[in-house]
Amino acid sequence: MDIKTFLSVIEIGETVVIEFKRCGNGIETDTYESVCAFLNRFGGDLFLGVLDDGTVAGVPGKAAPDMVKNFIKVISNPEMFSPTVYLDPKIMTDEEGHTIIHVHVPPSAEVHSFKKVIYDRVDDADVRVTSTSAIAQMYIRKQDIFTERKIYKYVDMTDLRLDMLPRLRQMAVNHAGGSHVWKDMSDDELLRSAGLIGTDRATGEKGFNLAAVMLLGKDDVIRDVCPAYLTDALLRKVNVDRYDDREIIQTNLIESFDQLMDFARKHLPDKFFLEDEARVSLRNILAREMISNTLMHREFTSSYMAKFVIGNDRMYTENANRAVNDGFITPENLEPNPKNPIIAAFFRNIGLADNLGSGTTRLFKYSKYYSGKDPEFREGDVFRIIVPLDDAYSFDYGLGNPESGIKNGNSEAGNGFSEPKNEPNVPNNVPNVPENVPNVPNNVIKEGSIEMRILNLLEEGIAQTTQKMSEVLCVSRKTIQRGTTKLRDLGMIERVGSNRDGYWVICDYTETE
């Protein structure tokens with residue numbers, strides 16, 4: 001790693017893949033815990049000689065070679081690390097002459113332990129893992145095969161809902177515009193064409209796979225194969241501690257989709273909306289994308305209960321996930337990754353889903369029309385989609401006039417519509433503009449930006465440290481550090497106290513003409 005890259009890493013700060021260690025008097029135990037956590041998650045980079053806040057203190061230059069030798073000795077010792085690992089630490093010097101040891105840790109295909117304890121990386125922390133289900137999830141994440149391909153040689157045709165196939169054929173034909181290869185296939189041919197009958201190339205076993213059981217299996221067969229599988233649909237608008245309505249859905253994925261859509265139609269308003277002079281159902285579009293995603297892309301071998309929850313100000317889905325990354329997903333950083341490609345392809349064939357990645361784009365587009373705010377996608381061992389709700393909001397320009405009682409509409413006449421303002425999902429307790437920060441440069445600090453949200457938060461006195469602002473605003477420390485750096489450079493905020501224990505405040509301003 002060159003010095004320029006190192007300095008950019010220091011500016012970003014600690015993340016899920018970056019860790020700083022002081023190591024002033026030698027390498028301490030928590031350094032090896034971080035190595036173990038990186039191996040078990042997405043890998044990462046470890047910098048010895050850097051304080052938690054990014055201050056470069058350095059390690060003793062003469063001692064650095066011995067520190068590297070001791071480091072390699074520990075990670076190569078099967079009594080300390082299991083399984084052992086080979087890493088190649090590099091000694092580097094910054095522009096001020098500080099000696100830093102850089103260790104790049106690649107992700108491992110195995111689950112590692114240090115001193116018989118397993119560690120995982122969560123945000124910028126190393127977490128001790130003791131739960132049996134959490135450890136099992138780590139093994140699932142590191143498998144080199146898709147669990148939907150697992151063969152169940154004792155499942156046969158009598159275990160499947162073959163009565164559903166005529167309907168599914170017709171759905172495929174309708175979605176394809178009147179012609180589809182499934183139309184004239186026998187049941188056996190259709191199942192093979194869809195990839196629901198396969199061969200385990202490692203064992204030679206042939207038969208129906210997990211995808212077939214989840215898509216078409218009878219309820220008792222699904223319970224035998226995946227006893228923890230279900231989707232919990234909840235309405236929480238009045239009794240938010242428990243629920244106002246609930247359905248526990250524990251059937252095949254096709255009928256689960258239908259039942260979850262019925263639950264959404266029952267409890268969500270279908271707001272009037274025109275697109276290209278035709279009315280479309282925003283409710284159905286949003287619910288379809290959320291529900292199909294949580295059914296197609298979950299990890300079925302996990303005991304984590306999937307949820308579809310409708311509340312007052314948001315609806316969300318949660319499902320166990322075989323994570324390949326950690327953090328928020330946006331249309332800009334989206335890298336489509338099929339978790340269950342056979343099931344996803346089946347959904348696309350019958351019109352319950354579109355091309356991989358298009359659901360994210362559609363949710364970002366239509367959520368703005370439905371509530372005026374962006375959705376959130378969070379990738380992790382639990383995958384979450386959150387769509388804001390606002391029953392009073394309407395993007396209907398035809399009815400959006402002062403007398404209609406619909407807020408945020410456009411009172412101008414016209415049959416068409418324009419794009420909604422790009423307003424991110426800002427917490428309700430944050431005001432629009434801090435009162436004691438006049439003359440905010442609109443061309444630099446834009447409404448709804450992270451910089452404006454930080455100003456709002458500081459003015460309210462809700463949080464002051466980087467960590468607290470990260471927790472309140474639900475963004476990473478990296479994002480907060482980027483925002484505070486920009487505001488500091490503009491002279492709008494200042495830091496009080498040391499780099500390690502200080503906090504941020506708004507600078508004193510005097511009104512100018």
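This tour proceeds from a sheet and the helices packed on it to aromatic pairs, charges over rings and one further helix. The model is predicted.

**The seven-stranded sheet**

Begin by selecting the strands of the open sheet, whose order is 13-12-16-17-20-19-18 and whose pairing is mixed. At its edges are strand 13 (245-249) and strand 18 (327-329), each of which pairs on one side only. Neighbouring strands in this sheet are turned against each other by 15 degrees on average, direction ignored.

Next, display strand 16 (residues 306-310) together with strand 17 (residues 314-320); the two run antiparallel and are joined by four bridges. Ile310 has Met315, in strand 17, as its bridge partner.

Now add helix 10 (residues 282-296), which packs on the sheet and touches strand 12 (231-235), strand 16, strand 17 and strand 20 (382-388). The direction of helix 10 makes about 15 degrees with that of strand 17. Then add helix 12 (residues 358-371), which also packs on the sheet, in contact with strand 18, strand 19 (376-379) and strand 20. The direction of helix 12 makes about 30 degrees with that of strand 20.

**Aromatic pairs**

Turn to the aromatic rings: the whole structure contains twelve aromatic pairs. Select Phe20 and Phe47, whose ring centres are 6.2 Å apart; their planes stand at 65 degrees, so this pair is edge-to-face. Because Phe20 belongs to strand 1 (residues 18-21) and Phe47 to strand 2 (residues 44-48), the pair ties together parts 27 residues apart in sequence. Phe20 and Phe47 are both buried.

Move to Phe257 and Phe347, where the centres are 6.4 Å apart and the planes lie at 80 degrees, so this pair is edge-to-face. Phe257 is in helix 9 (residues 253-267) and Phe347 in helix 11 (residues 341-349), so parts that are 90 residues apart in sequence are tied together. Both Phe257 and Phe347 are buried.

Select Tyr32, Phe71, Phe81 and Phe114 as a group to see one aromatic cluster.

**Charges over rings**

Show Lys271 with Tyr370: the charged end of Lys271 sits over the ring, 4.6 Å from its centre. Then show Arg378, which lies over the face of Phe328 at 5.1 Å from the ring centre.

**Helix 15**

Finish with helix 15 (residues 477-489). At 1.5 Å a residue its 13 residues should span 18 Å, and the end C-alpha atoms are 18 Å apart, which agrees. Colour the buried residues of this helix, among them Arg477, Ile480, Thr484 and Leu487. Just after helix 15, select Gly491, which takes a positive phi of about 75 degrees.

Conventions: Residues numbered from 1 in each chain as written. Predicted model: local features only at pLDDT ≥ 70, side-chain atom pairs only at ≥ 80, totals over all residues. Heavy atoms only, no water. Phe/Tyr/Trp six-rings, centres within 6.5 Å; stacked < 30°, edge-to-face > 60°. Buried < 20%, exposed > 50% of the residue type's maximum accessible area, 1.4 Å probe, protein only. Lys NZ or Arg CZ within 6 Å of the ring centre and 35° of its normal. Expected span 1.5 Å × (residues − 1). Pairing = 2+ DSSP bridges. Axes fitted to C-alpha atoms, helices over the stretch in contact; angles between N-to-C directions. Contact = heavy atoms within 4.5 Å.
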